[in-house]
2 protein chains.
Amino acid sequence: MPDETTEAAWTRLMRAQGAAISHVEAALKDAGLPPLAWYDVLLEVERAGKAGIRAIDLQQKLLLPQYGISRLLSKIEAAGYISRQSSTEDGRSQEIVITAAGRQLRRRMWAVYGPAIEQAVGSKLTASERETLAGLLEKLTSPRADA
Amino acid sequence: MPDETTEAAWTRLMRAQGAAISHVEAALKDAGLPPLAWYDVLLEVERAGKAGIRAIDLQQKLLLPQYGISRLLSKIEAAGYISRQSSTEDGRSQEIVITAAGRQLRRRMWAVYGPAIEQAVGSKLTASERETLAGLLEKLTSPRADA
DNA sequence: AAAAAATACATGCAATTGCATTGACATTCA
DNA sequence: TGAATGTCAATGCAATTGCATGTATTTTTT
């Protein structure tokens with residue numbers, strides 16, 4: 001059974017993330033922009049450049065279920081922000097590339113997303129606190145110690 | 001625009017919470033138990049004792065949307081773990097009380113939930129790190145500084 | 001006291017998500 | 001090589017969620 005400090009850290013982790021993401025999603029919605037997940041996709045696809053990125057790589061980077069990525073890409077493609085073309089090297093997979101409109105949308109989203117993060121996280125902690133926090137959270141994601 | 005430490009803290013907060021909650025939800029599901037939200041409800045209702053607790057108070061404690069609570073309570077009630085009786089003091093509201101089966105379920109869930117938290121959080125950090133983490137996360141949830 | 005506003009909760013409907021399966025191609029193995 | 005297995009992605013269907021609204025009750029206003 002976990003001790004008190006573990007319970008406290010767990011609870012606050014849930015609350016803090018919930019509050020922070022609600023704030024950011026609400027800011028995007030208020031600005032008439034798509035949800036955060038679209039930003040994550042656009043950013044990765046833009047970073048991948050001309051070569052594009054495969055859906056499965058996106059899936060691993062964003063930690064979404066396979067069908068989640070599949071449907072998310074369908075919507076973003078339908079909206080004209082990315083294009084999917086099946087790979088010449090591997091017939092099963094596809095290269096996803098960002099469009100000009102996609103780059104523009106990502107920028108417009110960042111104009112809202114950035115300040116929202118600043119408000120939810122940046123303004124609440126000092127720089128050194130933010131570093132400490134990032135470091136501790138990083139440890140939580142690290143591979144299991146045991147078995 | 002947020003600086004690097006803010007971005008890092010934000011990203012790791014999202015990842016760490018996502019990983020931690022996935023781990024816990026999976027543990028519950030593997031054990032054939034209901035989702036975490038049920039535990040939160042059962043715990044609050046159990047704490048409220050004989051007097052019970054109103055749906056709206058639960059809503060505020062758990063930070064769920066009104067319709068979320070309404071439907072969650074319907075399911076838990078249908079499963080026999082709580083009972084709802086409309087309040088004598090306020091005809092609009094209801095007193096929610098835990099049943100014996102509910103208390104038992106909460107205990108069974110804790111037997112899985114506790115160790116899962118321990119694994120996801122407790123085992124990754126020292127006691128003092130956990131305290132530091134909890135403290136920093138607490139600050140994130142604190143009321144806005146500005147406006 | 002009657003009317004208006006606010007509060008507590010439920011619910012119809014559309015959109016999203018999760019699960020399981022399928023289809024298409026690629027790789028491995030006998 | 002051809003059969004079995006593995007990988008990448010899409011999708012039908014059921015369950016869940018979000019939004020807007022509805023119903024009932026209480027509180028406030030005039």
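**Entry 1: the surface near DNA strand C**

I began with the classes of residue on the surface near DNA strand C, and I counted four nonpolar, five polar and eight charged residues there. The model is a predicted one, and I read each contact below with that in mind. In total 17 residues surround DNA strand C, and I noted A:Tyr67, A:Arg71, B:Lys29, B:Ile56 and B:Ser70 as the closest. I then asked which part of the strand faces the protein: of the atoms of DNA strand C within 4 Å of the protein, 57% belong to sugar or phosphate, and the rest belong to bases.

Next I looked up individual polar contacts to DNA strand C. On the phosphate side, a polar backbone atom of A:Gly91 lies 3.0 Å from a phosphate oxygen, and a polar backbone atom of B:Ala55 lies 3.4 Å from a phosphate oxygen. On the base side, I found a polar side-chain atom of B:Arg92 at 3.0 Å from a base oxygen. Tracing the surface back to secondary structure, I found that the elements giving two or more residues to it are α4 of chain A, together with α3 (55-62) and α4 of chain B. The largest share, four residues, comes from α4(B).

**Entry 2: the surface near DNA strand D**

I repeated the search for DNA strand D, which 16 residues surround, with A:Lys29, A:Ile56, A:Gln66, A:Ser70 and B:Tyr67 as the closest. By class, I divided the residues of this surface into four nonpolar, five polar and seven charged. Of the atoms of DNA strand D within 4 Å of the protein, 58% belong to sugar or phosphate, with the rest in bases.

Which side chains of chain A reach a base nitrogen of DNA strand D? I found a polar side-chain atom of A:Gln66 at 2.8 Å from a base nitrogen, and an N or O atom in the side chain of A:Arg92 at 3.0 Å from a base nitrogen. From chain B, I noted that an N or O atom in the side chain of B:Tyr67 is 3.3 Å from a sugar or linking oxygen of DNA strand D. The elements that give two or more residues to this surface are α3 (55-62) and α4 (66-78) of chain A, together with α4 of chain B. Here the largest share, four residues, comes from α4(A).

**Entry 3: the sheet of chain B**

I then turned to chain B itself and traced an open sheet of three strands, in the order β1-β3-β2, with antiparallel pairing. I noted β1 (53-54) and β2 (82-86) at the edges, each with a single partner strand, so one side of each is left without a neighbour in the sheet. Between β2(B) and β3 (residues 94-98) of chain B I found antiparallel pairing over five bridges, and within this sheet B:Ile82 stands opposite B:Ile98 in β3(B). Helix α4 (residues 66-78) of chain B packs on the sheet, where it touches β2 and β3 of chain B, and its direction makes about 120° with that of β2(B). This helix is also the one I had listed for its four residues near DNA strand C.

**Entry 4: chain B against chain A**

Last, I looked up the interface between the two protein chains, in which 51 residues of chain B are in contact with 51 residues of chain A. The area buried between them is about 4900 Å², and carbon and sulfur atoms give 70% of it. Within chain B, I recorded B:Trp10, B:Lys124 and B:Leu140 as losing the most area to chain A, together 15% of what that side buries.

Terms used:
Residues numbered from 1 in each chain as written. Chains lettered and ligands numbered in written order. Predicted model: local features only at pLDDT ≥ 70, side-chain atom pairs only at ≥ 80, totals over all residues. Heavy atoms only, no water. Pairing = 2+ DSSP bridges. Contact = heavy atoms within 4.5 Å. Axes fitted to C-alpha atoms, helices over the stretch in contact; angles between N-to-C directions. Near = heavy atom within 4 Å. Polar contact = N/O pair within 3.5 Å; in protein donor to acceptor, adjacent residues only side chain to side chain. Nonpolar A, V, L, I, M, F, W, Y, C, P; charged D, E, K, R; others polar. Buried area = accessible area lost by both parts, 1.4 Å probe.
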